[in-house]
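Visitor: Please give me a close look at the start of the chain, and then connect it with the rest of the model. I would like the numbers and cut-offs as we go.

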Amino acid sequence: MQLNKKTIITNTILFAGIVGFILAFSGVFGDENILIGVSTIAAMLMLLERDLTSHPVGNTVKFVLLNLFIGVGAFLAGFNTWLAVPINFIVMFVVSYSLLFNLKNPLYFPFSLQYLFILATPVAIDQMPLRLASLVFGALAIMGLQMLANRNKITKSGDKMIQAVCTALVEKSELIKKGENLETINQQITTDISGLRNIIYDKREENYYLTEEGQLKLNVSASLEKINILLDKILNEGAQQEILDNVIHCLQFAADSSTNGEAMEKLEESFNQMLGKYKDEHTHSLLVLRVLNNINFLKVSLAELKALSKEHYNVVKNLERIPKQFQKMRIGEKKSHTNSIKMSYAVRMAVAISLSGFIVDFFEITEGRWMMFSVLSVIIPLYEQSTKKMRDRIFATVIGAVLVTVLFMIFQGNIARSILLMTSGYLMTYIKVYRYNTILVTFSAIGAAALITGTTEILTVNRIGLVVAGVILALLINKFILPYKLDDAKRNLKEMYNDTIHEMLIEAADQVKGNGNNHAMKNLLLISNLIEDRLKLNNQGTENEKGIAWLQHQRRAASTIYELYWWIYKYGIQESNAPAVSSRLELLLNSSTTEEILLESVTDMKELIKTMPRIEDRMVISMILEVMEEITSSKAIV
């Protein structure tokens with residue numbers, strides 16, 4: 001994290017707010033429920049990455065029921081060691097399975113942690129009403145912060161992201177002209193486009209229908225993504241100064257379109273001049289045709305967004321029925337696609353917590369919760385990532401334990417030790433790397449307990465021993481109970497990506513016949529983006545050149561199919577072109593089509609484009625050609 005004045009002020013305010021919330025929570029619901037306040041603030045902050053404001057009432061009810069389920073489950077588990085085993089298994093399985101997502105970041109951790117907190121701090125039956133009240137309040141607080149921070153997120157954040165991408169594309173064009181490195185700017189553009197689509201994805205109604213604003217901003221993101229891809233091709237073909245200058249002018253006006261009313265008129269004028277020039281020249285350059293189409297795509301989408309009144313931003317037109325494959329927002333409800341990672345993780349976590357809980361209760365291990373916390377921390381969905389986390393956990397625990405022992409030997413008074421603990425908590429807002437953040441967590445946990453008991457040395461030895469025991473237990477469970485490895489995830493995600501591309505081709509073919517489903521195509525584009533993000537995250541630092549190239553071809557194929565669908569939806573297809581478009585799409589959809597047949601079709605289409613008098617017809621065929629080229633290249637890599 002880059003330290004600057006703004007970061008320091010933000011983190012200081014955040015830390016003060018966290019401390020204030022926890023103290024206020026404790027004041028209202030008592031010290032016995034303070035840890036619920038800790039898990040609540042963790043959930044509030046973690047869930048901010050999702051926009052849950054589309055269904056505030058429904059989501060609030062879900063969080064209330066989930067929290068009550070956790071509270072009642074923990075209470076019943078406290079009655080009997082043997083009864084606790086099935087209860088712990090059921091609660092952890094439900095929490096883990098329901099809050100682990102195939103393509104989005106998981107949300108299970110704060111709720112799983114909350115369950116362990118409640119298990120570690122049981123209350124008598126007469127105190128249960130207050131405990132349940134604290135859990136209900138926690139659920140309300142989560143949604144309260146959502147309504148404050150994420151309401152109209154797609155408008156506030158989306159406009160900024162669109163402007164940022166346009167500006168970055170202008171900068172990229174200038175870098176191309178200078179022949180400079182594009183790696184950093186490419187990463188920024190990709191991140192901003194993915195961020196915008198994640199916001200749109202979260203804002204859907206019934207996990208399917210996009211808002212009017214969301215649909216248009218998805219179109220904008222698609223056109224910007226394709227322009228970004230085409231700029232890379234300009235680089236590969238040599239610096240074509242004229243095309244770059246045209247793109248720069250249009251993007252500069254596009255960047256200002258949300259704040260400057262005249263910018264849209266200038267964008268329209270600039271594009272018309274560009275189009276007129278290439279019409280007069282009767283260009284057959286595939287690159288020029290594709291650039292023209294996507295500048296037009298961007299121009300039309302921005303104009304429609306500008307014309308959309310604010311009262312219609314969140315309007316949802318759900319005239320289309322939700323197709324079967326989208327009813328649970330999954331592509332191909334297959335084990336290999338959706339269930340394996342969820343089932344694997346949920347079973348492992350449920351077994352780990354129920355087993356470690358039994359060991360702690362049966363042998364009456366003092367401070368046994370640290371063993372359970374270690375298990376919770378180390379058992380994660382992917383096996384390879386969990387093994388690294390095991391090493392980090394032991395390392396961090398030893399260093400944190402030694403650090404608290406040394407410092408508490410130097411600083412004897414409670415006031416000085418309390419200041420050390422507060423400093424440790426404050427530093428956590430800056431340090432995000434798990435290994436080093438856990439050092440501070442260990443320091444705070446042992447230090448807080450030592451303030452009460454005054455036995456730092458015993459606590460340190462116990463902590464290390466329990467962490468090691470928890471890590472060993474987690475290691476055995478990860479290795480022998482439904483292990484889910486990086487290769488499994490990679491294979492399943494690639495299959496899902498191929499299925500998504502196939503579904504997009506089906507929608508495009510249906511649109512040629514006038515039967516396309518707009519919401520389905522938009523969902524498919526969003527899903528393709530999520531799959532790519534997940535693949536990149538899983539393979540960070542380990543992906544080879546073939547894998548990177550395959551991903552690029554898939555992304556370009558998805559982007560171009562969406563572009564083709566939009567064109568057909570917006571302008572239709574000349575009768576003379578319909579057979580060529582339909583036959584090529586059927587060729588791509590036919591599983592028996594060989595790579596050789598596709599290559600022959602690519603050659604034929606290049607010749608066909610040269611015979612077409614209308615530039616609009618050449619644009620349509622160039623899109624089909626590009627899809628075939630990308631899919632052929634993708635198949636060649638596999």
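Guide: The tour below begins at the start of the chain and moves on through packing, cores, loops and confidence.

This is a predicted model, in which local features need pLDDT of at least 70 and side-chain atom pairs count only at pLDDT 80 or more, while totals for chains, interfaces and linings use all residues. Residues are numbered from 1 along each chain as its sequence is written, and side-chain values use heavy atoms, with hydrogens and water left out.

Let's start with helix H1 (5–29). Helices here are DSSP runs of H or I with at least four residues, numbered from the N terminus, just as strands are runs of E with at least two. H1 has 25 residues and reaches 36 Å from its first C-alpha to its last, close to the 36 Å expected at 1.5 Å a residue; the expected span is 1.5 Å times one less than the number of residues. The buried residues of H1 are Thr7, Asn11, Phe15, Ile18, Phe21, Ile22, Phe25, Ser26 and Phe29. Buried means under 20% relative accessible area, exposed means over 50%, and partly exposed lies in between, with a 1.4 Å probe and protein chains only. The buried set of H1 packs against H2, H6 and H16, where contact means heavy atoms within 4.5 Å. Gly30 follows H1, and its phi is positive, near 90°.

Next comes H2 (residues 34–46), whose 13 residues should span 18 Å at 1.5 Å a residue; its end C-alpha atoms are 19 Å apart, which agrees. Ile36, Gly37, Ser39, Thr40, Ile41, Ala43 and Met44 are buried in H2, and its buried residues pack against H1, helix H5 (108–120) and helix H6 (128–149).

The start of the chain also has a partner far along the sequence. Thr429 and Thr10 are 419 residues apart in sequence, yet their C-alpha atoms are 9.7 Å apart in space. Thr429 sits in the loop between helix H16 (414–428) and H17, and at 8% relative accessibility it counts as buried.

Now for the cores. A nonpolar core is a set of buried Ala, Val, Leu, Ile, Met, Phe, Trp, Tyr and Cys residues joined through side-chain atoms within 4.5 Å. The largest one has 103 residues, and Leu224, Leu292, Leu505 and Leu585 have the most contacts inside it. Apart from neighbours within four places in sequence, Leu585 is in contact with Leu505, Ala508, Ala509, Val512, Leu564 and Ile624. A second, separate core of 71 residues includes Met44, Ile70, Leu100 and Val404, and Met44 takes us back to H2.

Elsewhere, helix H12 (residues 286–307) is worth a visit. Its 22 residues should span 32 Å at 1.5 Å a residue, and its end C-alpha atoms are 32 Å apart, which agrees. H12 is mostly covered, with 17 of its 22 residues buried. The axes of helix H10 (residues 241–256) and H12 come within 11 Å and cross at roughly 10°; axes are lines fitted to C-alpha atoms, for helices over the stretch in contact, and angles run from 0 to 180 degrees between N-to-C directions. That makes H10 roughly parallel to H12, since angles under 35 degrees count as roughly parallel, over 145 as roughly antiparallel, 65 to 115 as roughly perpendicular and the rest as oblique. Ile243, Val247, Cys250, Leu251 and Ala254 of H10 meet Val288, Val291, Ile295, Leu298 and Leu302 of H12.

Glu563 lies in helix H21 (residues 545–571) and is buried, with a relative accessible area of 0%. Not counting residues up to four places away in sequence, Glu563 touches Lys226, Asn293, Asn294, Phe297 and Met623. Glu563 and Lys226 are 337 residues apart in sequence and 8.4 Å apart, C-alpha to C-alpha.

One loop to check lies between helix H8 (183–202) and helix H9 (212–237), and holds Glu206. Phi of Glu206 is near 55°, a positive value in a residue other than glycine. Asn207, in the loop between H8 and H9, also has a phi near 55°.

Finally, confidence: pLDDT is the predictor's confidence in each residue, from 0 to 100. The protein chain has a mean of 87, and 94% of its residues reach 70 or more. Confidence is lowest in helix H17 (residues 434–453), at a mean of 74, and highest in helix H4 (residues 81–98), at 97. Over residues 329–338 the pLDDT is below 50, and this stretch has 32 contacts in the model beyond near neighbours in sequence.
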